[in-house]
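Here is a short tour of one protein chain. Keep the sequence and the 3D view open as you read.

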Amino acid sequence: MNACLIGKGYRLFLLLAFAVVFLGFVANQGMGLALPDGGTDVVGANTITAFAAASSKAVQVEQIAVTGQSFTRAWRISGLQVLSQPYDVQLSASNTVPIRKNDLLFLQFWARRLSSTARTEFVFELSAAPYDKTMTAGLRLNALWTLYSLPFRADRDYALGQGSARFRLGYNNQRFELGGVVLKNFAHTKKLEQLPFLGFSYDGREANASWRAAAEARIKQIRQADFRVRVVDANQKPVSGAKIQLEMTRHTFPFGSAVAAEQLLGTSSDSQKYKKTVLQIFNRVVLENDLKWTDWESYSRTRALQAIEYLTRNNIAVRGHNLVWACPDVNCLPADVPALLANPAALRTRIDSHFVDILAATKGKLVEWDVVNEPSANKRITSVLGEDEMALWYKRVKQLDPRAKLFINDYGNLGEGELDVEYKRIIKRLLALGAPLEGIGLQAHFALQLTPPEELHTRLEDFAKLGLPLAITEFDININNEALQADYTRDFLTVAFANPHVTSFLMWGFWAGRHWLPSAAMYRQDWSIKPNGQVFKDLVFDKWWTKANGQTNNNGQFGTRGFMGDYKITVTLGDKTVSRAVKLEKTSAEFVVKLP
C-alpha cells in the first residue's frame with residue numbers, strides 16, 4: 001500500500017480521535033451532558049430559588065446571569081473573612097418530598113473557581129441536630145466550568161423538611177461560581193452504577209505523575225537496608241556456590257487497622273474470617289471502641305483485656321485509643337461526667353481516677369496511647385479546666401505507664417479539613433509545658449475531597465517540623481467509586497511510606513460487616529476483596545515485600561537490598577540445607593550462616 005496513503009490515513013485517525021476527546025472534554029466543561037431520565041426533584045425543580053444562604057459579612061453570595069451554559073443563573077461566592085468552620089455559612093435547601101432509606105439520590109452541578117484556589121463541600125444531612133450525614137463530598141474547583149455528578153444512597157428516612165442539601169461556603173480568600181444544581185431521587189428505579197460519577201478526582205492521580213519517582217526513591221532509601229549474608233563451613237571457611245533464598249515474613253513498619261474485640265473473641269464464621277484476616281495482613285492494631293472511657297467503664301473492660309492478650313499472643317502490637325475525648329456525642333464521656341463540668345475539682349478527680357483504673361489494667365501491654373483525642377474541635381473539658389491541663393494529663397499517664405508512647409490524635413489536618421493550624425498550636429503549647437508527648441496522630445478520614453499527593457507530602461513535612469514522629473491512625477475513604485477509592489489508597493499509602501517521619505499506618509476498619517463507614521472498607525460484607533483492599537495487599541505484600549535468590553561468591557558472600565523486617569534465610573549446598581531467622585535493620589551486620 002502507498003506509504004503516503006498510510007500517512008494520510010493515520011493523520012485522519014488522529015484528527016478523529018482528537019475530535020472525540022475534545023468533544024468529550026467540552027461536554028464536561030460547559031456544553032452539558034444529558035440528565036438521566038426520571039427521578040423526582042428533591043428540593044424543587046428551581047434550585048436557584050430553593051437554595052438560600054444566611055446573610056454574612058464573611059461570605060458574599062450573589063446571583064448572577066450566565067451565558068453559554070446549559071443554565072442561565074448561578075451563584076457567585078466570595079470568601080472575605082476567616083470563619084471558624086466551613087459550615088458557618090452554607091447554601092441550603094430542604095427536601096420537599098419524603099425520602100426513604102436506601103433511596104438512590106443523584107446530585108449534579110457545575111462550578112468554576114475565579115481565584116487561584118477555591119473549594120466547597122456538599123453535604124446531605126439532617127436539618128437539625130445531631131446533623132447526621134448521608135453524604136459529604138468535598139472538592140477543589142477547576143478554573144473552567146466543570147460538571148460534577150454524584151449518585152449516593154440515603155442511609156435513613158427523611159420526612160418532609162427533615163433533610164437538607166447544603167454547600168459549605170465558609171472558606172476565606174476565594175471566589176467561585178456554582179450553578180445548574182439538580183438533586184433527584186430515583187428511589188429504586190435505577191442502579192447506582194447506571195448514574196454518572198463525574199468531576200471528582202485529584203491532581204497527581206496519573207500513572208506518570210511527577211511526584212511518583214521521588215516517592216519511590218525515598219521509599220528505597222528509608223525503608224530498605226543492605227542485606228548481607230556470608231556462608232561458612234564448620235571450620236569457618238567461606239563456602240562458594242551455596243544457594244541463598246531470602247523470604248520476608250514480616251514488615252518492621254507497622255501496617256494495621258482498628259479492630260473490634262467482639263469479633264476477635266467471637267465464634268461465628270464471620271468472626272473466624274475476621275481473626276484470620278487480622279493475623280494475615282496486619283502487624284499492629286488499635287481497639288476501635290473497647291478502650292474508650294465510656295465503653296471501658298460500662299461493658300468492655302473484660303473483653304478489651306482478653307482481646308489485647310489474644311493479639312499480643314499472636315505477635316500483633318496494640319495501640320490504646322483513647323483516654324480523654326470530649327466530643328459532644330453522648331458516648332464520648334461517661335454519663336456522670338458532663339455534670340462535673342460545673343465542679344472543676346471533682347472533674348479533675350474523676351479524670352485521674354479513670355487514668356489510674358485503666359492504666360493499672362493495661363500497663364505494659366500497649367505500645368502507644370492516644371491520651372487526648374480530637375482536642376482541636378472538642379473543648380468541653382479544657383474550657384473548664386484550662387488548656388494547660390492537658391500537659392498534666394500527659395505527665396500523669398507517663399507516670400502510670402512509662403512504657404507506652406504517648407500520642408495526641410486529631411482529624412482535619414491533611415487537607416480533608418481545616419483544623420491543622422489549631423492542632424499545631426495545641427501541640428506546640430504541650431511541648432512548651434514539658435508534656436511527654438511522643439507522637440502526633442493524623443486520622444486521615446477522606447470522602448471526595450482528596451488531597452493531592454504532593455500536598456500530602458508537604459503537609460506531613462510541616463507536621464514533622466514539630467519534631468515528633470507521625471502516625472496515620474484512622475485512614476479511610478468513604479466513597480462509592482471503587483476505582484477512585486483504590487487509586488487514592490495506593491497513592492496515600494505511597495506518600496506515607498515514602499515519608500521518613502511517618503512511623504505507622506492504620507486504617508479505621510477493614511470489613512464492611514464491622515466498619516463505621518461500610519463503603520470505606522477493604523472487604524465487602526461477603527468477604528470478597530475490593531479494589532482498595534487488593535491495592536493494599538499488592539503494595540504491602542508484593543511491591544514492598546522482599547524475596548530474593550542467588551548464590552554465594554568466592555568469598556562465601558551474597559548481598560542485596562531488602563525491606564526492613566523479619567526474614568528466613570535458607571542456605572543449600574548439595575544435600576545440606578540450613579535455615580536461620582533474622583531481622584533486617586538499617587544497622588544490621590552481615591548475617592553468618594554455618595553449614596555443617
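A disulfide joins Cys327 to Cys332, with 1.7 Å from S to S. This is a predicted model. The structure holds one disulfide. The link of Cys327 and Cys332 is right-handed, with 70° about the S-S bond. Are the two cysteines buried or exposed? Cys327 counts as buried because its relative accessibility is 7%, under the 20% cut-off. Cys332 is buried too, at 5%.

**The whole chain**

Now step back. The chain has 13 helices and 27 strands. Its radius of gyration is 28 Å, close to the 25 Å that the globule rule gives for 596 residues, so the chain is as compact as a globular protein of that length. Along the principal axes, the C-alpha atoms fill a box of roughly 95 × 90 × 50 Å. Of the 596 residues, 51% are buried.

Contacts tell us about the fold as well. Take those between residues at least 6 apart in sequence. Of these contacts, 78% join residues at least 24 apart.

**The nonpolar cores**

In soluble globular proteins, nonpolar side chains tend to be buried together. The largest nonpolar core here has 159 residues. Ile472 and Phe492 have the most contacts inside this core. Helix α12, residues 482-497, gives the most to the core, with eight residues.

What does Phe492 touch, leaving aside its neighbours within four places in sequence? Its contacts are Leu414, Ala444, Phe446, Leu456, Ile472, Phe475 and Phe505. Apart from the largest core lies another core, of seven residues. Among its members are Val66, Ala74, Trp145 and Leu147.

**A bent helix**

Look next at helix α6, residues 293-313. A straight helix of 21 residues would span 30 Å at 1.5 Å a residue. Helix α6 spans only 25 Å between its end C-alpha atoms. Where does α6 bend? The bend is at Ser300, and it is about 100°.

Ser300 is also one of the buried residues of α6. Others in the buried set include Trp293, Trp296, Ala304 and Leu311. What covers them includes the helices α4 (261-265), α5 (269-281) and α7 (344-362). The strands β15 (284-287) and β16 (317-324) are part of the cover as well. After α6 comes Asn315, whose phi is positive, near 65°.

**Two loop residues**

Glu288 lies in the loop between β15 and α6. Glu288 is buried because its relative accessible area is 7%, under the 20% cut-off. Leaving aside neighbours within four places in sequence, Glu288 is in contact with Ala258, Val259, His321, Trp508, Arg514 and Trp516.

Gln81 also sits in a loop, between β4 (73-79) and β5 (90-94). Gln81 is partly exposed, with a relative accessible area of 41%. Not counting residues up to four places away in sequence, Gln81 touches Lys57, Ala58 and Asn172. Gln81 and Thr120 are 39 residues apart in sequence. In space, the two are 15 Å apart, C-alpha to C-alpha.

**Backbone details**

Some backbone angles deserve a look. The table gives two cis peptide bonds and where the second residue of each lies.

| Cis peptide bond | Omega | Place of the second residue |
|---|---|---|
| Ala129 to Pro130 | near 15° | Pro130: loop between β7 (119-126) and β8 (133-140) |
| His321 to Asn322 | near -10° | Asn322: strand β16 |

His321 is familiar: it is one of the contacts of Glu288.

Two alanines have a positive phi although neither is a glycine. For Ala187, phi is about 50°. Ala187 has its place in strand β11, residues 174-187. Its relative accessibility is 25%, so Ala187 counts as partly exposed.

For Ala444, phi is about 70°. Ala444 is found in the loop between β19 (439-442) and β20 (445-446). Is Ala444 buried or exposed? Ala444 counts as buried, at 0% relative accessibility. Ala444 is also one of the residues in contact with Phe492.

Definitions and conventions. Residues numbered from 1 in each chain as written. Predicted model: local features only at pLDDT ≥ 70, side-chain atom pairs only at ≥ 80, totals over all residues. Heavy atoms only, no water. Disulfide = S-S within 2.5 Å. Buried < 20%, exposed > 50% of the residue type's maximum accessible area, 1.4 Å probe, protein only. Helix = DSSP H or I, 4+ residues; strand = E, 2+ residues; numbered from the N terminus. Expected span 1.5 Å × (residues − 1). Bend = angle between axes of the 7 residues up to and from the residue. Contact = heavy atoms within 4.5 Å. Core = buried A, V, L, I, M, F, W, Y, C linked by side-chain atoms within 4.5 Å. Rg over C-alpha atoms; globule rule 2.2 N^0.38 Å.
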